[in-house]
Amino acid sequence: MKKTILMLAAFFLTGAAFAQQTHPLLQHEAEITEIIKGMTLEEKVNMLHGKNMFSSAGIERLGIPDIEYADGPFGIREEMEPHSWRPLGWETDKATFFPTGSALAATWCPGIAYEYGKGMAIEAKLRGKDMILGQAMNIQRLPTGGRTYEYLSEDPLLSGVLAVGYTKGSQDQNEAVCLKHFAVNSQENMRGFVNANISERALREIYLTPFEMAVKQADAMGVMAAYNKVWGKWCSENDMLQNRILRNEWGFKGIIISDWGGTHSTVGAAIGGLDVEMPGHDYMGQALVDSVKSGAVPMEVIDSKVRNLLRVRFAITPVPKDVANTKVTSQPETQAIAYKVASKSIVLLKNDNGLLPLTKKMKKIAVIGDNATRTMGLGGVGAGVKTLYEVTPLEGLQKALKGKATIRYARGYEPAPRARWGQQLSEDAMKEYEKKMAAYKKEALKVAKGADIVLFIGGNNREVETEGSDRTTIQLPFQQDELLKAIAEVNPNIVAVMVAGAPVDLREVKNVAKGIVYSWFNGTEGGNALADVLTGKISPSGKLPFTFPVKLEDSPAYALGVYPQQEQGGGDVFVNLVNRDRFQERKADADYTEGILVGYRWYATKNVKPMYPFGYGLSYVPFKYSNLSAKVAESSIEVTFDLANQGSMEAEEVTQVYIGRPDSKVERPKYELKGFRRVAVKAGETTKVTVTIPIENLRHWNEFQHAWNIEKGKAVIYVGGSSADFPLQTEVTL
């Protein structure tokens, strides 16, 4: 074993010298060919399914280690028993809870995404892991999507740029990524069997683009097949997605693994492109051996899968077992990265009369809300982090304001009790809950009355937003709207801080709160980051990665009546796996009738006014845009403009460039995001900003030719601080 690990390390170091000349996964093809020649069929198939809950087998006879997977994507999951979901109860596996996906997306910064991936990789290495099951990067089609908090954005360019940064940051630390979920996993309800009926153009331009970018621009080493179907075929055996597009068109050289419990056949999965069935071997174990012997699956198919696995194994230096898990996972370096992400993700949505930042005159501060003290590392179904620590909003404020102001806290509300699966909550339980809520409200009003300012810490939690089910509404849960209205009657100086990972209905909040801040599920250092923004230590600089509708019915899938579909029942595929319930296939279709008009594209094109637009976010300083120019070169458009900080403190602005094609002969949105750049500007200074847009970014998928086209003609360039605010505009001709 030791000799082979040293051999692999030597191969890695030797190949590194040629990294600029060859694909990182193609540096050991000759060695891999020789290994495959000497393997038995049984040894080969043994690599193609789960060995343990989070590992797949190497080649024991040759001392080639297993591949160890780290469940993510916003923190390394605690160590589990080999064949169950029961934790081992270690102390060393306490990890950093990084801000979740929508928080990372709100930074609009590929450099920060790179650091995020780096931080995740550092902690994965300490745990002896080879591949992170992330970045999660499906397009946020539904405001109610259960995993919106985990995904990045409603826009493919923003999602793709961040996924590229995350992938490079991780793999530069010699930790592979596994992009998920490929593809069109846009809803949690019925995800285990729903079929996506989608145009090829929408598929290519919107839903596949982030994956394509991470594969082509960052050499991602892993991809996870989604649970759902696309065009009637399970993603885990979808020849179009896995073989023709991912491998043949994009040149993907790594491994494709199933989502846990997401494999449905032997021959179909093998021929359709899946490399590894996780976590068991129902289909790609002995059944696959038999299928090869019968001639149903060619040996060449098996060999190609083994090659893919060995490519990753040789590229990623294994961590010896006696080195892994010897230090606590969460480290000061990674905690600092989590703080940086959190501090640059917070979005200021409203700030009437400059109520924020908190001033020295605000000596009596009321903090109200269950989310002020609730941790978000765990909860709901799916991804979670056993954190070393997590700073809550109240803790962060108490630390920042110690000796400067008096803070009084009231819980205000609590989450409603949950009924057992499939059962109604009893009438007595609801009566008891209402009684408690009345007492909380009374206490909150007492604390709010007489305070200089009320900081209401509300939003959702990890039970409300969860893998395995979509929300039925975007209204604030637990009677928060009613509580806010009551507070406003005794104290109108309210700043509402929304702790959530997805859009919520802010109509009532906007009516009564003078300030609104979105602080996300912001991780280990979230409370400190929030306090630093509220107190003015730093200016808020986050921008919304998705649109906030005025009401849910304004969003495209709801407006068109294609979501939600009729519920089929029977539970969720992952929950059934954990509970060891048998999967029962049912039928449901998701009709992507809105096509390419996802998110802000819909609102802009249909002239539907959102509550807050994609890309929106205020600062403590005013920015002025001026002097726009645009030049078309052979392969790019160079957009240049001036950005002035007209305030009294240094601040950062996310500048955004959108392009419209008014004379296009094909259907297009009114405009689309084509470039962006986060810029820091000192107080009173002006900086020149250049955003270079590759001409390739203006391509569209021609469904008649089944190819990408770039249309000639006029292009209108819009520049500003959100998708609905363009102080600058010009035209160029392509």
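**Cysteines, a helix pair and a sheet**

The sulfur of C235 is 13 Å from the closest cysteine sulfur, in C178, too far for a bond.

User: Is this model predicted or experimental, and what kind of model is it?
Analyst: This is a predicted model.

User: OK. How many disulfides does the structure hold?
Analyst: It has 0 disulfides. For C235, the closest cysteine sulfur belongs to C178 and is 13 Å away, so the two are too far apart for a bond.

User: Is C235 buried or exposed?
Analyst: C235 is buried, at a relative accessible area of 0%.

User: And C109, buried or exposed?
Analyst: C109 is buried, with a relative accessible area of 16%.

User: Switching to helices. At what angle do α7 and α8 cross?
Analyst: Roughly 50°, with the axes coming within 5 Å. Helix α7 covers residues 200–207 and helix α8 covers 209–218. The crossing angle therefore makes α7 oblique to α8.

User: Which residues meet there?
Analyst: From α7, R204, E205, I206 and Y207; from α8, T209, P210 and F211. By class, this contact has 4 nonpolar, 1 polar and 2 charged residues.

User: Now the sheet. What is the strand order?
Analyst: The order is β9-β8-β6-β17, in an open sheet of 4 strands with mixed pairing.

User: Which are the edge strands?
Analyst: β9 (233–234) and β17 (589–591), each pairing on one side only.

User: Do β6 and β8 run parallel or antiparallel?
Analyst: Parallel, with 2 bridges joining β6 (residues 195–197) to β8 (residues 229–230).

User: What stands opposite N195?
Analyst: K229 in β8.

Notes. Residues are numbered from 1 along each chain as its sequence is written. This is a predicted model: local features need pLDDT of at least 70, side-chain atom pairs count only at pLDDT 80 or more; totals for chains, interfaces and linings use all residues. Side-chain values use heavy atoms; hydrogens and water are left out. Axes are lines fitted to C-alpha atoms, for helices over the stretch in contact, and angles run from 0 to 180 degrees between N-to-C directions. Angles under 35 degrees count as roughly parallel, over 145 as roughly antiparallel, 65 to 115 as roughly perpendicular and the rest as oblique. Contact means heavy atoms within 4.5 Å. Ala, Val, Leu, Ile, Met, Phe, Trp, Tyr, Cys and Pro count as nonpolar, Asp, Glu, Lys and Arg as charged, and the others, Gly among them, as polar. Two strands pair if DSSP finds at least two bridges between them. A disulfide is a pair of cysteine sulfur atoms within 2.5 Å. Buried means under 20% relative accessible area, exposed over 50%, partly exposed in between (1.4 Å probe, protein chains only).
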